[in-house]
Amino acid sequence: LTVRLPEDYVSSRRFPLVVFIQGGDGGRGDAEVRQYIGDRGFITANLPLFVKSLTPPPIAVVIPEDLLHTFSPEDSAALKALAQVQIPGIVSADDAPVLTSSWAAMLQKLNARIPNIDPEQSVIAGFSNGGHAIGYVLAGRDPFLRRNFHSFAMIEGGVGAMLDGKAWLTPDLAGSRILVMFSDSGKNEGPQAEKFRPLVLKIVKRFIEQATERRLDATLEVMSGAGHTFPPAYQTWFKTWCAEETAPGGRLTH
């Protein structure tokens, strides 16, 4: 776990925490997060990814039956095919308990060391596999994560958990914010990903609709032509979204 205090840090006032989880294998937890959020106003932290096993058996994504009925026969067939795609090292729902316990242990130490962190304005975000991890931990309805963060962002990840969003978009998330950032192109992932990208966007949009129906603050930002990347322009957009919570006149002060 690597933490950076902002340039304007003082111990006499509360500061929000922004945690960013990397994609791929998640790294060693020593990545620099300030590139996404700047060096003022936020404590920043990078956590590693954890999995139940380094050699897990192939597990297909479970697709809710009612989801299949909402799509055309062609899209339903494509969704079934997408659920069978196996990517080595990808986080699954089975990893949620070890992610929860590991992150909780690390963040509890952080809170003890820096007691003026403000959970009401704190953000946890992840890219790709990091986004999958956040989605599955949220889907597991982990009270620690929901208590210590107010805003959750999944960037190019989290679709597996979004398949059954209505099961975990529960009233205890009221007042929280959810951000999903996805590209409309899978151009740098190969022909298979490019083929499935329109279907993935349909799933993401349906998830945002489910969240909105439940009166949750949910936002979808489509990263035009970005492919499976997090371009600097959209990093700036993400920073603005994070700062909305702390700006004068922002949501928390209404």
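**A mixed sheet and its packing**

In this predicted model, I124 stands opposite F152 in β5. Five bridges join β4 to β5, and the two strands run parallel. On another flank, strand β2 (residues 17-21) is joined to strand β4 (residues 123-127) by four bridges. This pair is also parallel. Within the β2 and β4 pairing, V18 has V123 as its bridge partner. I21 stands opposite G126 in β4.

These pairings belong to an open sheet of seven strands. The strand order is β1-β3-β2-β4-β5-β6-β7. Pairing across the sheet is mixed. The edge strands are β1 (2-4) and β7 (217-223), each of which pairs on one side only. From one strand to the next, the twist averages 15 degrees.

Strand β4 is largely enclosed by the rest of the structure, because five of its five residues are buried. Both faces of the strand are covered. V123, A125 and F127 are buried on one side. I124 and G126 are buried on the other.

Helices lie across the sheet. Helix α4 (residues 96-113) lies across β1, β2 and β4. Its direction makes an angle of about 150 degrees to β2. Helix α9 (residues 232-243) lies across β4, β5 (151-155), β6 (177-183) and β7. The angle between α9 and β6 is about 170 degrees.

Helix α9 also holds Q235. Q235 has a relative accessible area of 14%, under the 20% limit, and is therefore buried. Leaving aside neighbours within four places in sequence, Q235 is in contact with Q35, Y36 and F230. Q235 and Y36 are 199 residues apart along the chain. Their C-alpha atoms are nevertheless separated by 5.5 Å.

The nonpolar packing comes next. In soluble globular proteins, nonpolar side chains tend to be buried together. The largest nonpolar core in this model has 54 residues. Those with the most contacts inside this core are L17, V19, L79, W103, V180 and F207. Helix α8 (residues 191-213) gives the most to the core, with eight residues. A second, separate core has 20 residues. V33, V123, L179 and W241 are included in this second core.

V180 shows how one core residue is surrounded. Neighbours within four places in sequence are again left aside. The contacts of V180 are then M154, M162, V204, F207, I208, T219, L220 and E221. F207, like V180, is among the residues with the most contacts inside the largest core.

The search for enclosed space gave one cavity of 30 Å³ or more. About 30 Å³ of space lies in the largest cavity. Its lining is made up of T100, W103, A104, L107, V137, D142, F144 and L145. Two elements, α4 and α6 (143-148), give two or more residues to this lining. Helix α4 gives the most, with four residues. W103 thus has two roles in this description: W103 lines the largest cavity, and W103 is one of the residues with the most contacts inside the largest nonpolar core.

Notes
Residues numbered from 1 in each chain as written. Predicted model: local features only at pLDDT ≥ 70, side-chain atom pairs only at ≥ 80, totals over all residues. Heavy atoms only, no water. Pairing = 2+ DSSP bridges. Axes fitted to C-alpha atoms, helices over the stretch in contact; angles between N-to-C directions. Contact = heavy atoms within 4.5 Å. Core = buried A, V, L, I, M, F, W, Y, C linked by side-chain atoms within 4.5 Å. Buried < 20%, exposed > 50% of the residue type's maximum accessible area, 1.4 Å probe, protein only. 1 Å grid on protein atoms, 1.4 Å probe; cavity = no way out; pocket = protein on both sides within 12 Å on 5 of 7 lines; lining within 4 Å. Points joined across faces, edges and corners; volume = space filled by probe spheres on them.
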